[in-house]
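Work through the exercises below with the sequence and the 3D structure open. Try each task before reading its solution.

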Amino acid sequence: MEQRIAPCTEREGDGGKERNWTEYPSFYTRSTSCVNKSNQAISMEELVGLSVSSLTDQLVVLYSDGPSEGKSDALIEMELEALLAENDMSKEEELAMQEAIPLAIQKWKDTTPVSVSKTSKSKSISLFDQLMGGGLQPPVTIDDIKEAQNAEDRLAVFRRVSYVDDLLLDWNEIKPLLSRDLQESLQSNTAIEIIKIHRKYYDLGRNSSEYLVLQYGICHNIFDAIIAYTQQDDSDADSILLLIRTWSDILVDLIQRDVFVEDLVGTMECRMLELLLDDSKHHSAMSTESIRFSTAQVLALVDTRARWFQGWVRCTSLENLLTLLQKTSILPTIISRCCLDSTGAESDDGSMAMQSVLRDQSLVILASIMEKTRVSSFPWHLASSMFDDIEQATEDKPSRTTARVDKVIDIFLQSKAVEKSSISFQVCCSALEDVMSGCRAAPDYAERILALNERVSVMSVTAQSIWDKTN
């Protein structure tokens, strides 16, 4: 069964790979024209349809660059007819092909992207030509940034940065410019775009530890903007939320990638703990202007599990943690929020829901501190105001410590806090393990485990787990 092949050869690509069209099927194959697979005659309509498909496929091979302005339909038809003339076809087949040619050309144009028009002498374009012609963007330099007349012009320059190496050499000069523009834009529409540019630069530098200083600098820029925002009497809650989310995501990413550097985080540590104390409601959302939020509430809404705090506590030293807890005095506030009641009817301002996220976040924070310090090193004296009743009721130190531990256990055993549907359930279980494990040297340890098992049935598995691990 004869099959004719279009006799043509072409070179493609810089490598000079030769493509011989004898590798491809011919324009027309008798085996697919007159008979079908069941060896029965087919109608003219079916024959035209087969011809259209065959011709369309061959046009894709013939004109690999797609349709172009230099080739008219008439010229393409002439070329196809000349090649088809080499095939031995019946009258019926010739008629089908004549009808199929314009249909195939139209189908090919409809399904193939139009190529860019080329000169008759095709040639490759050098990198220099691309650079001069705008094909490649020149690197952004510190001079380009400094020559910008204002923040808007600088923003246009910052948008052009596609490679983090453009920033690395002069980062010490670029970082403060980015920081200033970000803080000055906080009440404008460009704030979100500048935040996204910071995130873009951070993501560009994630593939190498060579860019760690730049990444931490971006983290500091975002954090400094958060601090500036919290000092304003009236600010947009949506913008502060985006800032906090971006900062939290970056800090958590640095910790999870195991590139936490204490010296590069140090200047943020005290202020980031103090954010947890900011209860002044000076952030208003555009959608609900009547409801105002505090920075502490936004922190809880963005990350109820306080991943940034958990990661930081695990990376920092015990001495540094105790020093900062004493310096910031956050423990009484955290412990009091752990006891918040969110079981009442919801009000219009969403206060019950807000108390719930604050409580869950505080439980995570307290559990993280307890995991680091254990019972033996927990700074009880920094939360003395929360244990005033214990101080007054007990005189000897061992009894006082026992009473404090029991009160902490009570915090984690709150019925609402340990519901299985609560995100705090596993946090409370882990915290109880840490607390009880720290008490295993006590003479009444076994009795405590049994009491824990009896007090809250849902915690019985945890109580057994504690017993198994420590005995």
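Three exercises follow, on an aromatic pair, the nonpolar cores and the salt bridges.

This is a predicted model, in which local features need pLDDT of at least 70, side-chain atom pairs count only at pLDDT 80 or more, and totals for chains, interfaces and linings use all residues. Residues are numbered from 1 along each chain as its sequence is written, and side-chain values use heavy atoms, with hydrogens and water left out.

**Exercise 1.** Classify the aromatic pair formed by Trp308 and Phe309.

Step 1. Apply the rule: rings of Phe, Tyr and Trp (its six-membered ring) pair if their centres lie within 6.5 Å; planes under 30 degrees apart are stacked, over 60 edge-to-face, and the rest tilted. The count by this rule is five aromatic pairs.

Step 2. For Trp308 and Phe309 the centres are 5.7 Å apart and the planes make 85°, which is edge-to-face.

Step 3. Check burial, where buried means under 20% relative accessible area, exposed over 50%, and partly exposed in between (1.4 Å probe, protein chains only). Trp308 has a relative accessible area of 1% and is buried; Phe309, at 0%, is buried too.

Step 4. Ring pairs link these two residues with Phe223, Trp247 and Trp312 into a cluster.

**Exercise 2.** Describe the largest nonpolar core and the helix that gives the most to this core.

Step 1. A nonpolar core is a set of buried Ala, Val, Leu, Ile, Met, Phe, Trp, Tyr and Cys residues joined through side-chain atoms within 4.5 Å.

Step 2. The largest core has 97 residues, and those touching the most other members include Leu243, Trp308 and Phe412. Helix α10 (residues 212–230) gives the most, 12 residues; helices here are DSSP runs (H or I, at least four residues), numbered from the N terminus.

Step 3. Another core, of 19 residues, lies apart from the largest one, with Ile42 and Tyr63 among its members.

**Exercise 3.** Which parts of the chain does the salt bridge between Asp253 and Arg206 tie together?

Step 1. A salt bridge is a side-chain nitrogen of Lys or Arg within 4 Å of a carboxyl oxygen of Asp or Glu. The whole structure holds 12.

Step 2. The Asp253 and Arg206 side chains meet at 2.9 Å, N to O.

Step 3. Asp253 lies in helix α11 (residues 237–256) and Arg206 in the loop between α9 and α10, so the bridge ties together parts 47 residues apart in sequence.

Step 4. Asp253 is buried at 14% relative accessibility, whereas Arg206 is partly exposed at 36%.

Technical notes: Helices (H or I, at least four residues) and strands (E, at least two) are DSSP runs, numbered from the N terminus.
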